[in-house]
Amino acid sequence: MPLSRPPKWADKWLEHILPIHLVDEVMGDLHEAYRWRLSEKGESYAKRMFIWEVFRSMRFFSQKSQNNNQLMLLGNYVKIGYRFLWKTRTYSSINIFGLAIGIAIAWLSSVYVVEELSFDRFHEKSGRTYRIVADLEHNGIHKIGGASYIMGEEFPKQIPAIESISRYKSWYVLLKTGEGTVPYVAHRADRDLFNILDFEFVSGGYSSFDNPDAVVISESVANRLGKESIPEELELTTYNGATKRYQISGVYKDFPANSTIRPGILISIRHYANTNQHRLKTWFDINMNVVLTLMRDADAADVSALMTKILLQNGDFSGSNVELKLQPFTKIHTSSEYETGNGLRATANKELIYLVLIIGIFCLVISSINFANFSVSNYMTRMKEVAVRKILGSGRKRVFQQFIVEIFLSSSLALVLSLVIILIIAPLFSVYADKSYTVFTFLHWKYLVVGFVILYIVTLLSGFYPSIVLSGFDLVSAIKGKLRISSKGIFNRSLLVVQFALAVFLVTGMIVFERQLDLMLGFDPGYDDSGILYMEIPDPDEQKVDFVKSEMLAISGISAVTRFAGNNNTTYKAGETVFDTYHNRVDEHYIPILKLKLTAGRNFDPSRSSDIAEGVIVNESFIRRAGLKDPVGKRIPFKYGDLNNPVVIGIVKDYHFLDLTRQMEPMVLYMSPQYVYQHVLVKSEAHDIAFINQLDRTWRQVFDPFPFNYTQLSELNKRQYEWESQIKELTQYGAIIAIFLACMGLMGVVGTHVRQRLKEVSIRKVNGATPQLIFRLFLTRYVVFTLVGFMIGITGAFYLLGSWLDKYIVRIALGWEISLISLLIISVIAFVAILSQLYKPMYLNPVKYLRDE
Amino acid sequence: MNDYSLGALEELILLVLLSQGKTYGVEIAKQYEHHFNQSISLPAIHVVLKRLEKKGFVKSEFGEPTAERGGRRKRNYEATDLGYKLAVKLQENRNRIWSTIPKMEVKYATI
């Protein structure tokens, strides 16, 4: 019979937990007791007892860690690390500062990205909350971000998987606040909205929400109404001029900024139903949002299929394919697939988020590489220390640990310093990103975790290389002081190349975005927007609009006024030819004010009643798409409202009424009153305060209490490219930081290289080498790195940017010109960085470095 | 002397040490089981021994390694003079109190 032994694992575990001075006694006793119990009461009892005793021995473990070797060594590492940092404080502080910049940028960008991606997730049921959207296939696929009133009415009755459902629609009103009447967007919703989203009421509640004369408001609105106490009523004026007081039945806490839905004033959807009876029964009258929460076990695809089925039973969709879908609530923020509106605001752009992330990662990688290179060269002075440690018996693992601890120490300092940097740049970034970041945002535990994760990544990224280099060198040469870091190492070189590739990537991006934006802003859209003011009409009463127009024309300085309805969409059908076309109701001044060019025919003439009743002016794209030949004076089969087979009286040259990411689309202009006028353009030479005041007075005379708001048309056009200019700005900052960091890295590498070769340079100088020769000696090898990095960077940039530019109708060419500018920028800066380090060997006094031999 | 107090297990182990002379963990466990007819875990004994040693009632030294211990040394414990005095003192105290307890009579017996 083989000898019975205590369980091996328990024995191992015991050995692990026991402090060394107790091993003999306790382990010995336990083993002896095992034998004793084995002989007396059998194996299973002995084993059970042994395991129990091992478990009870855990109490000795606390004695173990108190005089732990590893812990003592750790203390020693920290102490030595601290002394070394202090000894090389100038060099180290540059090193740490560079890393701090990288960490700060990475931290900032990761907070931004985390925040953007965590949008709307704070609602408890956000995971099973959806919005109804529709895909309509009709001359191409139309993605419609919205639903109708009746869907919100019928779906919950017919689909049991819907837990709660609410309609959500904007309501434009004037709100009477403590500081006067202001335009405000209130929202109409169903009572279920309070079950879908996490509302927190500070007073009152939503129990009387179904009363159409009661509202619930957010705290911020309450504060605007009255300073001291929450008022009982508020006064709203609708856009048809009716003023009414509403009872405030509850006040809730405002939703945080990372919310797509942020209502200020909520009123029951019945309020809408009461005033819009004619819009309640049409299934595909899409003019509001419907959000819903599904039951826990429901499948969104099944529910949307059922919805589509119900929709098709209730409407005639022959000739087109329609499908209802459920868009996850948390996806609304970053998705540009479906439009948002009616109180839902999608502000994020995925590309922008990725760009921020890329810049953050790039900066972190570049600065980590710098840090690694800096550290290696800094620690080279400690080869003797490492050699002594090794002779005294510390293995490679211990030396490795030591340097990891030291690097962790430096990167922790960098983390603290990066907080200071964030303190400075966070307010700037907040303004830029339209967020309210302060340094306290970053001290929130969630983002502190992010910070520490970054810290660990940095320590790993930048710690391994120097630690491996330092722990692994040859003992004898080290102690003789003969070792030097070879700059021939493939790894070292490729790091430099990577840094430059990343910097070049961002620099090229910067140039491309800059040029593309310039191109778009300077692009002639086919009309003249200079000196034109744009206003929105609050009250579409035709008489009022006519009156305001005539009053405005009386103001000196105004040369012309035009009214128009805005771009609308319809389908043109003529036999086989079917396409979507834009149409716009304008007046006779529209074409002259915008200086649109008529290529054939004439402008509208209001003195001819036929022009008003059935005259249209179409653009060239329309002619092309419709395949018309010489259409002026002929009737075309265009139909919209009462406008039936109108006569073409003129052809206008194509102009970009849409932004430059969109193709030139067909357009029909008419005067026939199929739409109310909603916009006014005023052309004037002067835009001074007196003039604006005069305009303001005229406006109020007609539209009071609606305030007078105006925008320069050219400003409005620029805003179309807001996103592009945001991207441009962001890459600009990213590129500048990346170049700065990459140059720091270059300086570090060159500096190390130079210091190691001072003696060689001195001998060369003694033998007659000129500064120019020395310069060339060093420069040539770095030119190669820079060029290889440049090639990689520009290839990557061209590849990615090329596909991005493809969506624009007008786009810059990515050619040698941009490469050349980017090369020039990079090489000039790199040259200066290298030169600053080469100054020393070029002009050193050889005696100084040769003296000791 | 009166400042020292001992837990029940501490006192028992001290008594075992006094009666056995020089001894070690497993032997104490055997004695304990012999006297009280119930098992005891060794770490409990170890902890008590360390505590007694810290208080100065026992002293210890390494003994011989044996095969059944896996070649590990014993640690032999021995009561000190102080330990002896304390045990005597505790026993005297107990006797004094015991003497005041009346003989068991009817009132206990009927319970």
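**Exercise 1. Work out how strands E17 and E21 of chain A pair, and over how many bridges.**

Start with the ranges: in this predicted model, E17(A) covers residues 615–619 and E21(A) covers residues 667–670. Strands here are DSSP runs of E with at least two residues, helices are runs of H or I with at least four, and both are numbered from the N terminus. Next, the sense: the two strands run antiparallel, with three bridges between them. To count as paired, two strands need at least two DSSP bridges. For one concrete partner, take Val618(A), which sits across from Val668(A) in E21(A).

A quick word on ground rules. It's a predicted model, so local features need pLDDT of at least 70 and side-chain atom pairs count only at pLDDT 80 or more, while totals for chains, interfaces and linings use all residues; side-chain values use heavy atoms, leaving out hydrogens and water. Residues are numbered from 1 along each chain as its sequence is written, and chains are lettered from A and ligands numbered from 1 in the order in which they are written.

**Exercise 2. Place that pair in its sheet and find the edges.**

First, lay out the order: E14-E15-E21-E17-E20-E16 in chain A, an open sheet of six strands with mixed pairing. Then look at the ends. E14 (568–574) and E16 (598–601) of chain A each have a single partner strand, so one side of each has no neighbour in the sheet. Finally, the twist from one strand to the next averages 35 degrees.

**Exercise 3. Describe the sheet E13-E22-E12-E23 of chain A and the helices lying across it.**

Step one: this open sheet has four strands and antiparallel pairing. Step two: E13 (558–564) and E23 (711–712) of chain A are the edge strands, each pairing on one side only. Step three: E12 (residues 532–536) of chain A is joined to E23(A) by two bridges, and Leu533(A) is found opposite Gln712(A). Step four, the helices: H19 (residues 542–554) of chain A lies across E12, E13 and E22 (679–684), at about 165 degrees to E13(A). H23 (residues 689–703) of chain A also lies across E12, E13 and E22, at about 25 degrees to E12(A). Those angles run from 0 to 180 degrees between N-to-C directions, with axes fitted to C-alpha atoms, for helices over the stretch in contact (heavy atoms within 4.5 Å).

**Exercise 4. Characterise the interface between chains A and B.**

Begin with contacts: 23 residues of chain A touch 23 of chain B. Now the area: about 2100 Å² is buried between them, 56% of it on carbon and sulfur atoms. (That's accessible area, 1.4 Å probe, lost on putting the two parts together, summed over both.) Glu25(A), Glu32(A) and Trp36(A) supply 32% of what chain A buries against chain B, more than any other three residues.

Then count the salt bridges, meaning a Lys or Arg side-chain nitrogen within 4 Å of an Asp or Glu carboxyl oxygen: there are five between chain A and chain B. One of them joins Arg69(B) to Asp29(A), 2.6 Å from N to O. On chain A's side, the elements giving two or more residues are H2 (23–41) and H3 (43–56). H2(A) provides the largest share, 14 residues.
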